[in-house]
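Visitor: I am new to this structure and would love a close look at one part of it. Please choose a spot and show me how it fits with its surroundings.

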Amino acid sequence: MQAAAQKPPYRSATLQLVLFVDERPSSRKQIQQICGYLETLKAEYAFELQVVDVGEEPYLAEHFKLIATPALMKIHPEPRQTVAGSNLEVQLKNLWPRWQSSVEEYKAVLKERNEALSPQIAPASPETGISSVAHSSKLIQLSDEIFRLKQEKEELIEQLQFKDRAIAMLAHDMRNPLTATSLALGTLELSHNNQSGRNSPLAPQIIDQLFKQARAQIRIIDRMIADILETSKRGNADLRILPRRMDIGVLCHNVISQLKEGFHAKSQRIETDIPNDLPLVYADEEQVRQLLVNLLDNAIKYTPEGGKILISILHRTSQNVQVSVCDTGPGIPAEKCDRIFEDHFRLERDETKAGYGLGLSLCQQIVRAHYGHIWVDSYANKGSCFHFTLPVYR
(Lines give C-alpha, C1' and ligand atoms only; values in the text may rest on other atoms or scores of the structure.)
Protein backbone atom coordinates (compact mmCIF):
# COMPACT_ATOMS: atom_id res chain seq x y z
CA MET A 1 0.00 0.00 0.00
CA GLN A 2 2.82 2.36 0.88
CA ALA A 3 4.57 1.74 -2.43
CA ALA A 4 1.34 2.33 -4.32
CA ALA A 5 0.80 5.60 -2.47
CA GLN A 6 4.23 6.82 -3.58
CA LYS A 7 3.56 6.00 -7.22
CA PRO A 8 3.15 9.22 -9.26
CA PRO A 9 -0.51 9.68 -10.26
CA TYR A 10 0.33 10.74 -13.83
CA ARG A 11 1.50 7.23 -14.71
CA SER A 12 -2.12 6.03 -14.81
CA ALA A 13 -2.75 8.20 -17.87
CA THR A 14 -0.50 7.48 -20.85
CA LEU A 15 -1.77 10.44 -22.90
CA GLN A 16 -0.58 13.65 -21.25
CA LEU A 17 -1.51 17.14 -22.41
CA VAL A 18 -0.60 20.67 -21.34
CA LEU A 19 -2.85 23.62 -22.09
CA PHE A 20 -1.05 26.99 -22.10
CA VAL A 21 -3.39 29.90 -21.36
CA ASP A 22 -3.17 33.62 -20.68
CA GLU A 23 -5.29 36.23 -18.92
CA ARG A 24 -6.31 38.22 -21.96
CA PRO A 25 -10.07 38.84 -22.07
CA SER A 26 -10.08 38.08 -25.80
CA SER A 27 -8.90 34.53 -25.22
CA ARG A 28 -11.20 33.58 -22.32
CA LYS A 29 -14.04 32.36 -24.51
CA GLN A 30 -11.67 30.28 -26.61
CA ILE A 31 -10.12 28.73 -23.48
CA GLN A 32 -13.56 27.86 -22.11
CA GLN A 33 -14.49 26.18 -25.38
CA ILE A 34 -11.37 24.05 -25.60
CA CYS A 35 -11.63 23.09 -21.91
CA GLY A 36 -15.25 22.05 -22.42
CA TYR A 37 -14.34 20.01 -25.50
CA LEU A 38 -11.50 18.29 -23.61
CA GLU A 39 -13.95 17.31 -20.86
CA THR A 40 -16.17 15.53 -23.38
CA LEU A 41 -13.15 13.69 -24.79
CA LYS A 42 -12.01 12.63 -21.33
CA ALA A 43 -15.28 10.80 -20.77
CA GLU A 44 -14.40 8.54 -23.73
CA TYR A 45 -10.60 8.30 -23.44
CA ALA A 46 -8.47 8.77 -20.31
CA PHE A 47 -5.76 11.41 -20.41
CA GLU A 48 -4.18 13.83 -18.01
CA LEU A 49 -4.32 17.58 -18.51
CA GLN A 50 -2.28 20.32 -16.88
CA VAL A 51 -3.19 23.98 -17.39
CA VAL A 52 -0.30 26.47 -17.33
CA ASP A 53 -0.78 30.24 -17.12
CA VAL A 54 2.11 31.68 -19.15
CA GLY A 55 1.83 34.93 -17.20
CA GLU A 56 2.77 33.06 -14.02
CA GLU A 57 5.20 30.65 -15.72
CA PRO A 58 6.92 32.69 -18.47
CA TYR A 59 9.92 30.37 -18.34
CA LEU A 60 7.80 27.52 -19.69
CA ALA A 61 6.58 29.58 -22.64
CA GLU A 62 10.21 30.27 -23.48
CA HIS A 63 11.28 26.69 -22.87
CA PHE A 64 8.60 25.21 -25.14
CA LYS A 65 9.08 28.02 -27.71
CA LEU A 66 5.40 28.97 -27.79
CA ILE A 67 4.51 31.51 -30.44
CA ALA A 68 0.87 32.02 -29.44
CA THR A 69 -1.60 31.26 -26.69
CA PRO A 70 -3.84 29.51 -25.95
CA ALA A 71 -1.96 26.42 -27.13
CA LEU A 72 -2.44 22.71 -26.50
CA MET A 73 0.61 20.46 -26.41
CA LYS A 74 0.84 16.68 -26.37
CA ILE A 75 3.93 15.97 -24.30
CA HIS A 76 3.53 12.20 -24.05
CA PRO A 77 3.91 9.94 -25.94
CA GLU A 78 6.74 11.48 -27.92
CA PRO A 79 7.09 13.30 -30.20
CA ARG A 80 5.62 16.43 -28.77
CA GLN A 81 3.02 18.16 -30.87
CA THR A 82 1.43 21.59 -30.44
CA VAL A 83 -1.73 23.19 -31.77
CA ALA A 84 -2.34 26.91 -31.39
CA GLY A 85 -4.42 29.66 -32.86
CA SER A 86 -8.06 30.65 -33.01
CA ASN A 87 -9.42 27.22 -34.05
CA LEU A 88 -7.99 24.92 -31.41
CA GLU A 89 -11.14 22.81 -31.22
CA VAL A 90 -11.16 22.12 -34.97
CA GLN A 91 -7.44 21.28 -34.98
CA LEU A 92 -7.85 18.97 -32.00
CA LYS A 93 -10.77 17.12 -33.67
CA ASN A 94 -8.48 16.37 -36.64
CA LEU A 95 -5.54 15.32 -34.48
CA TRP A 96 -7.35 13.38 -31.80
CA PRO A 97 -7.49 10.03 -33.69
CA ARG A 98 -3.76 10.24 -34.39
CA TRP A 99 -3.01 11.07 -30.77
CA GLN A 100 -5.04 8.04 -29.67
CA SER A 101 -3.18 5.88 -32.19
CA SER A 102 0.17 7.13 -30.86
CA VAL A 103 -0.88 6.02 -27.36
CA GLU A 104 -1.84 2.54 -28.60
CA GLU A 105 1.44 2.25 -30.49
CA TYR A 106 3.34 3.31 -27.39
CA LYS A 107 1.51 0.72 -25.26
CA ALA A 108 2.29 -1.98 -27.79
CA VAL A 109 5.99 -1.13 -27.82
CA LEU A 110 6.00 -0.95 -24.03
CA LYS A 111 4.30 -4.34 -23.72
CA GLU A 112 6.74 -5.95 -26.13
CA ARG A 113 9.67 -4.52 -24.24
CA ASN A 114 8.34 -5.64 -20.85
CA GLU A 115 7.67 -9.18 -22.10
CA ALA A 116 11.30 -9.44 -23.12
CA LEU A 117 12.40 -8.56 -19.61
CA SER A 118 12.33 -10.67 -16.46
CA PRO A 119 8.90 -10.81 -14.80
CA GLN A 120 10.53 -9.52 -11.58
CA ILE A 121 11.38 -6.23 -13.29
CA ALA A 122 8.66 -3.63 -12.94
CA PRO A 123 7.01 -2.43 -16.15
CA ALA A 124 8.50 0.69 -17.61
CA SER A 125 6.68 3.95 -17.09
CA PRO A 126 6.89 7.21 -18.91
CA GLU A 127 9.81 9.15 -17.50
CA THR A 128 8.87 12.38 -19.18
CA GLY A 129 5.46 13.88 -18.78
CA ILE A 130 3.37 16.40 -16.96
CA SER A 131 5.48 16.18 -13.81
CA SER A 132 8.49 17.23 -15.87
CA VAL A 133 6.79 20.50 -16.87
CA ALA A 134 7.05 21.87 -13.33
CA HIS A 135 10.60 20.58 -13.11
CA SER A 136 11.43 22.31 -16.39
CA SER A 137 10.15 25.61 -15.01
CA LYS A 138 12.31 25.33 -11.90
CA LEU A 139 15.35 24.26 -13.92
CA ILE A 140 14.95 27.19 -16.31
CA GLN A 141 14.61 29.63 -13.42
CA LEU A 142 17.70 28.15 -11.77
CA SER A 143 19.58 28.30 -15.07
CA ASP A 144 18.71 31.97 -15.47
CA GLU A 145 19.74 32.66 -11.89
CA ILE A 146 23.07 30.90 -12.43
CA PHE A 147 23.61 32.92 -15.61
CA ARG A 148 22.86 36.15 -13.74
CA LEU A 149 25.24 35.21 -10.92
CA LYS A 150 27.97 34.40 -13.43
CA GLN A 151 27.50 37.82 -15.03
CA GLU A 152 27.71 39.51 -11.62
CA LYS A 153 30.84 37.49 -10.85
CA GLU A 154 32.46 38.59 -14.12
CA GLU A 155 31.56 42.22 -13.42
CA LEU A 156 33.04 42.00 -9.91
CA ILE A 157 36.22 40.41 -11.25
CA GLU A 158 36.46 43.15 -13.87
CA GLN A 159 36.02 45.83 -11.20
CA LEU A 160 38.70 44.25 -9.00
CA GLN A 161 41.06 44.01 -11.96
CA PHE A 162 40.39 47.64 -12.79
CA LYS A 163 41.19 48.70 -9.24
CA ASP A 164 44.45 46.76 -9.44
CA ARG A 165 45.27 48.56 -12.69
CA ALA A 166 44.24 51.91 -11.22
CA ILE A 167 46.54 51.48 -8.22
CA ALA A 168 49.41 50.41 -10.48
CA MET A 169 48.83 53.37 -12.80
CA LEU A 170 48.66 55.75 -9.85
CA ALA A 171 51.97 54.46 -8.49
CA HIS A 172 53.55 54.64 -11.95
CA ASP A 173 52.35 58.09 -12.94
CA MET A 174 52.76 59.78 -9.58
CA ARG A 175 56.54 59.47 -9.65
CA ASN A 176 57.11 62.44 -11.96
CA PRO A 177 55.19 65.07 -9.92
CA LEU A 178 56.60 63.62 -6.70
CA THR A 179 60.14 63.92 -8.07
CA ALA A 180 59.54 67.48 -9.22
CA THR A 181 58.06 68.42 -5.84
CA SER A 182 60.95 66.77 -4.00
CA LEU A 183 63.52 68.66 -6.10
CA ALA A 184 61.79 72.00 -5.50
CA LEU A 185 61.50 71.46 -1.75
CA GLY A 186 65.04 70.14 -1.54
CA THR A 187 66.39 73.24 -3.25
CA LEU A 188 64.42 75.48 -0.90
CA GLU A 189 65.65 73.52 2.14
CA LEU A 190 69.25 73.78 0.95
CA SER A 191 68.88 77.53 0.43
CA HIS A 192 67.40 77.95 3.91
CA ASN A 193 70.25 76.02 5.53
CA ASN A 194 72.85 78.13 3.70
CA GLN A 195 71.40 81.49 4.68
CA SER A 196 73.88 81.88 7.55
CA GLY A 197 76.76 80.38 5.62
CA ARG A 198 79.01 81.61 2.86
CA ASN A 199 76.71 80.66 0.01
CA SER A 200 74.29 83.35 -1.17
CA PRO A 201 70.61 82.64 -0.60
CA LEU A 202 68.33 82.19 -3.59
CA ALA A 203 66.79 85.25 -5.16
CA PRO A 204 63.20 85.94 -4.06
CA GLN A 205 61.85 85.36 -7.58
CA ILE A 206 63.53 81.93 -7.72
CA ILE A 207 62.12 81.00 -4.33
CA ASP A 208 58.68 82.10 -5.47
CA GLN A 209 59.03 80.01 -8.64
CA LEU A 210 60.07 76.94 -6.65
CA PHE A 211 57.08 77.31 -4.32
CA LYS A 212 54.82 77.74 -7.32
CA GLN A 213 56.25 74.61 -8.93
CA ALA A 214 55.81 72.56 -5.73
CA ARG A 215 52.21 73.71 -5.33
CA ALA A 216 51.44 72.94 -8.98
CA GLN A 217 52.85 69.42 -8.68
CA ILE A 218 50.89 68.80 -5.47
CA ARG A 219 47.70 69.85 -7.28
CA ILE A 220 48.51 67.38 -10.04
CA ILE A 221 48.97 64.58 -7.50
CA ASP A 222 45.72 65.52 -5.75
CA ARG A 223 43.84 65.53 -9.07
CA MET A 224 45.29 62.16 -10.06
CA ILE A 225 44.18 60.57 -6.78
CA ALA A 226 40.72 62.16 -7.05
CA ASP A 227 40.27 60.90 -10.61
CA ILE A 228 41.39 57.38 -9.77
CA LEU A 229 39.05 57.23 -6.77
CA GLU A 230 36.14 58.64 -8.77
CA THR A 231 36.72 56.17 -11.58
CA SER A 232 37.05 53.31 -9.12
CA LYS A 233 33.65 54.14 -7.62
CA ARG A 234 32.03 53.79 -11.02
CA GLY A 235 33.76 50.48 -11.63
CA ASN A 236 34.97 51.38 -15.11
CA ALA A 237 37.90 53.09 -16.78
CA ASP A 238 36.15 56.31 -17.85
CA LEU A 239 38.03 59.39 -16.66
CA ARG A 240 36.23 62.49 -15.49
CA ILE A 241 37.48 65.50 -17.43
CA LEU A 242 36.84 69.23 -16.98
CA PRO A 243 37.62 70.70 -20.40
CA ARG A 244 38.22 74.39 -21.03
CA ARG A 245 40.04 76.40 -23.67
CA MET A 246 43.76 75.92 -23.39
CA ASP A 247 47.02 76.83 -25.15
CA ILE A 248 48.55 73.46 -26.00
CA GLY A 249 51.85 75.05 -27.11
CA VAL A 250 52.40 76.74 -23.76
CA LEU A 251 51.54 73.50 -21.94
CA CYS A 252 54.07 71.55 -24.03
CA HIS A 253 56.85 74.04 -23.15
CA ASN A 254 55.89 73.83 -19.45
CA VAL A 255 56.08 70.03 -19.48
CA ILE A 256 59.46 70.11 -21.26
CA SER A 257 60.73 72.45 -18.54
CA GLN A 258 59.26 70.17 -15.88
CA LEU A 259 61.20 67.17 -17.26
CA LYS A 260 64.45 68.94 -18.15
CA GLU A 261 66.38 67.10 -15.42
CA GLY A 262 65.56 63.82 -17.18
CA PHE A 263 66.83 65.09 -20.53
CA HIS A 264 70.04 66.46 -18.98
CA ALA A 265 70.72 63.25 -17.07
CA LYS A 266 71.06 61.35 -20.38
CA SER A 267 72.47 64.25 -22.40
CA GLN A 268 69.47 64.03 -24.71
CA ARG A 269 68.65 66.76 -27.20
CA ILE A 270 65.08 68.04 -27.09
CA GLU A 271 63.74 69.73 -30.20
CA THR A 272 60.37 71.36 -30.75
CA ASP A 273 58.26 72.29 -33.74
CA ILE A 274 55.45 74.24 -32.12
CA PRO A 275 53.94 77.02 -34.28
CA ASN A 276 53.05 80.30 -32.59
CA ASP A 277 49.69 80.57 -34.37
CA LEU A 278 48.14 77.35 -33.08
CA PRO A 279 44.43 77.54 -32.20
CA LEU A 280 43.34 76.99 -28.63
CA VAL A 281 42.17 73.47 -27.81
CA TYR A 282 39.23 72.39 -25.67
CA ALA A 283 40.69 70.01 -23.10
CA ASP A 284 41.38 69.25 -19.46
CA GLU A 285 44.78 70.85 -18.82
CA GLU A 286 45.88 68.56 -16.01
CA GLN A 287 44.87 65.41 -17.87
CA VAL A 288 46.69 66.53 -21.03
CA ARG A 289 49.70 67.48 -18.91
CA GLN A 290 49.74 63.92 -17.55
CA LEU A 291 49.40 62.59 -21.08
CA LEU A 292 52.44 64.59 -22.25
CA VAL A 293 54.45 63.65 -19.15
CA ASN A 294 53.81 59.96 -19.76
CA LEU A 295 54.80 60.12 -23.44
CA LEU A 296 57.92 62.18 -22.75
CA ASP A 297 58.85 59.97 -19.81
CA ASN A 298 58.77 56.95 -22.11
CA ALA A 299 60.77 58.85 -24.72
CA ILE A 300 63.46 59.66 -22.14
CA LYS A 301 63.64 56.04 -20.99
CA TYR A 302 63.94 54.52 -24.44
CA THR A 303 66.09 57.13 -26.14
CA PRO A 304 69.80 56.34 -25.67
CA GLU A 305 72.24 58.82 -24.18
CA GLY A 306 72.95 61.62 -26.62
CA GLY A 307 69.78 60.80 -28.59
CA LYS A 308 67.13 63.20 -29.84
CA ILE A 309 63.50 63.72 -28.80
CA LEU A 310 61.17 65.82 -30.93
CA ILE A 311 57.84 67.36 -29.94
CA SER A 312 55.76 68.79 -32.77
CA ILE A 313 52.22 70.14 -33.05
CA LEU A 314 50.23 70.32 -36.27
CA HIS A 315 46.95 72.16 -36.86
CA ARG A 316 45.68 69.10 -38.67
CA THR A 317 42.10 70.07 -39.50
CA SER A 318 39.62 72.73 -38.49
CA GLN A 319 38.36 70.30 -35.83
CA ASN A 320 41.57 69.13 -34.15
CA VAL A 321 45.28 69.53 -33.61
CA GLN A 322 47.80 66.70 -33.63
CA VAL A 323 50.60 66.42 -31.08
CA SER A 324 53.55 64.11 -31.81
CA VAL A 325 56.31 62.89 -29.51
CA CYS A 326 59.14 61.17 -31.40
CA ASP A 327 62.24 59.45 -30.05
CA THR A 328 65.33 57.74 -31.44
CA GLY A 329 64.96 54.63 -29.30
CA PRO A 330 64.85 50.95 -30.32
CA GLY A 331 61.33 51.20 -31.76
CA ILE A 332 58.40 48.81 -31.44
CA PRO A 333 57.85 45.73 -33.64
CA ALA A 334 55.07 46.34 -36.17
CA GLU A 335 52.98 43.41 -34.90
CA LYS A 336 52.97 44.93 -31.39
CA CYS A 337 51.90 48.47 -32.31
CA ASP A 338 48.17 47.69 -32.15
CA ARG A 339 48.50 46.25 -28.64
CA ILE A 340 50.90 48.73 -27.09
CA PHE A 341 48.08 50.69 -25.38
CA GLU A 342 46.47 47.65 -23.73
CA ASP A 343 46.44 47.41 -19.94
CA HIS A 344 49.49 45.58 -18.61
CA PHE A 345 50.83 44.86 -22.11
CA ARG A 346 54.60 44.61 -22.02
CA LEU A 347 57.17 44.01 -24.73
CA GLU A 348 59.55 41.16 -24.04
CA ARG A 349 62.48 43.57 -23.83
CA ASP A 350 60.63 45.61 -21.18
CA GLU A 351 60.09 42.85 -18.63
CA THR A 352 62.94 44.09 -16.44
CA LYS A 353 62.01 47.78 -16.34
CA ALA A 354 59.04 50.11 -16.24
CA GLY A 355 57.86 51.64 -19.47
CA TYR A 356 55.47 51.05 -22.36
CA GLY A 357 52.48 49.60 -20.58
CA LEU A 358 50.68 51.21 -17.67
CA GLY A 359 51.43 54.79 -18.69
CA LEU A 360 50.35 54.24 -22.28
CA SER A 361 47.09 52.63 -21.15
CA LEU A 362 46.30 55.78 -19.18
CA CYS A 363 47.28 57.90 -22.19
CA GLN A 364 44.69 56.12 -24.29
CA GLN A 365 42.01 56.67 -21.64
CA ILE A 366 42.78 60.40 -21.49
CA VAL A 367 42.69 60.83 -25.27
CA ARG A 368 39.46 58.85 -25.63
CA ALA A 369 37.86 60.93 -22.88
CA HIS A 370 38.55 63.95 -25.14
CA TYR A 371 37.06 62.12 -28.16
CA GLY A 372 40.49 62.07 -29.73
CA HIS A 373 42.65 59.39 -31.30
CA ILE A 374 46.08 58.06 -30.26
CA TRP A 375 48.40 55.84 -32.27
CA VAL A 376 52.06 55.03 -32.79
CA ASP A 377 54.31 54.87 -35.86
CA SER A 378 57.39 52.82 -35.15
CA TYR A 379 60.10 50.83 -36.89
CA ALA A 380 62.61 48.51 -35.29
CA ASN A 381 65.87 50.31 -34.44
CA LYS A 382 64.55 53.58 -35.91
CA GLY A 383 62.59 55.02 -33.01
CA SER A 384 58.90 55.65 -32.35
CA CYS A 385 56.46 58.52 -32.88
CA PHE A 386 53.41 58.70 -30.65
CA HIS A 387 50.61 60.90 -32.02
CA PHE A 388 47.36 62.07 -30.46
CA THR A 389 44.64 64.54 -31.38
CA LEU A 390 42.68 67.06 -29.33
CA PRO A 391 39.59 69.07 -30.31
CA VAL A 392 39.98 72.71 -31.31
CA TYR A 393 38.12 75.22 -29.15
CA ARG A 394 35.27 76.68 -31.19
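Guide: Let's start at Y371, which is exposed, with a relative accessible area of 80% (exposed is over 50%, buried under 20%, partly exposed in between, with a 1.4 Å probe and protein chains only). You are looking at a predicted model, in which local features need pLDDT of at least 70 and side-chain atom pairs 80 or more, while totals for chains, interfaces and linings use all residues. Residues are numbered from 1 along each chain as its sequence is written, and side-chain values use heavy atoms, without hydrogens and water.

Y371 sits in the loop that links helix 11 to strand 10 (helices are DSSP runs of H or I with at least four residues, strands runs of E with at least two, numbered from the N terminus). The backbone does something notable here: the phi of Y371 is positive, near 60 degrees, in a residue other than glycine. Most residues other than glycine have a negative phi. S267 is another non-glycine residue with a positive phi, near 50 degrees. S267 is placed in the loop between helix 9 (260-265) and strand 6 (269-273), and S267 is exposed too, with a relative accessible area of 52%.

Now follow the chain from the loop of Y371 into its two flanking elements. They take us to the largest nonpolar core, a set of 41 residues in which I248, L292, L296 and F388 have the most contacts (such a core joins buried Ala, Val, Leu, Ile, Met, Phe, Trp, Tyr and Cys through side-chain atoms within 4.5 Å). Helix 11 (358-369) and strand 10 (374-378) are among the elements that each supply at least two residues of this core, and so are helix 8 (248-258) and strand 11 (384-391). Helix 10 gives the largest share, eight residues.

To see the core from within, pick I248. Apart from its neighbours within four places in sequence, I248 is in contact (heavy atoms within 4.5 Å) with L278, V281, V288, L292, I313, V323 and L390. In helix 8, the buried residues are I248, G249, L251, C252, V255, I256 and Q258. At the N-terminal end of this helix, D247 forms a cap, with a side-chain oxygen 3.0 Å from the backbone nitrogen of G249.

So our short walk has led from Y371, exposed in its loop, to I248, buried in helix 8.

Terms used: Polar contact = N/O pair within 3.5 Å; in protein donor to acceptor, adjacent residues only side chain to side chain.
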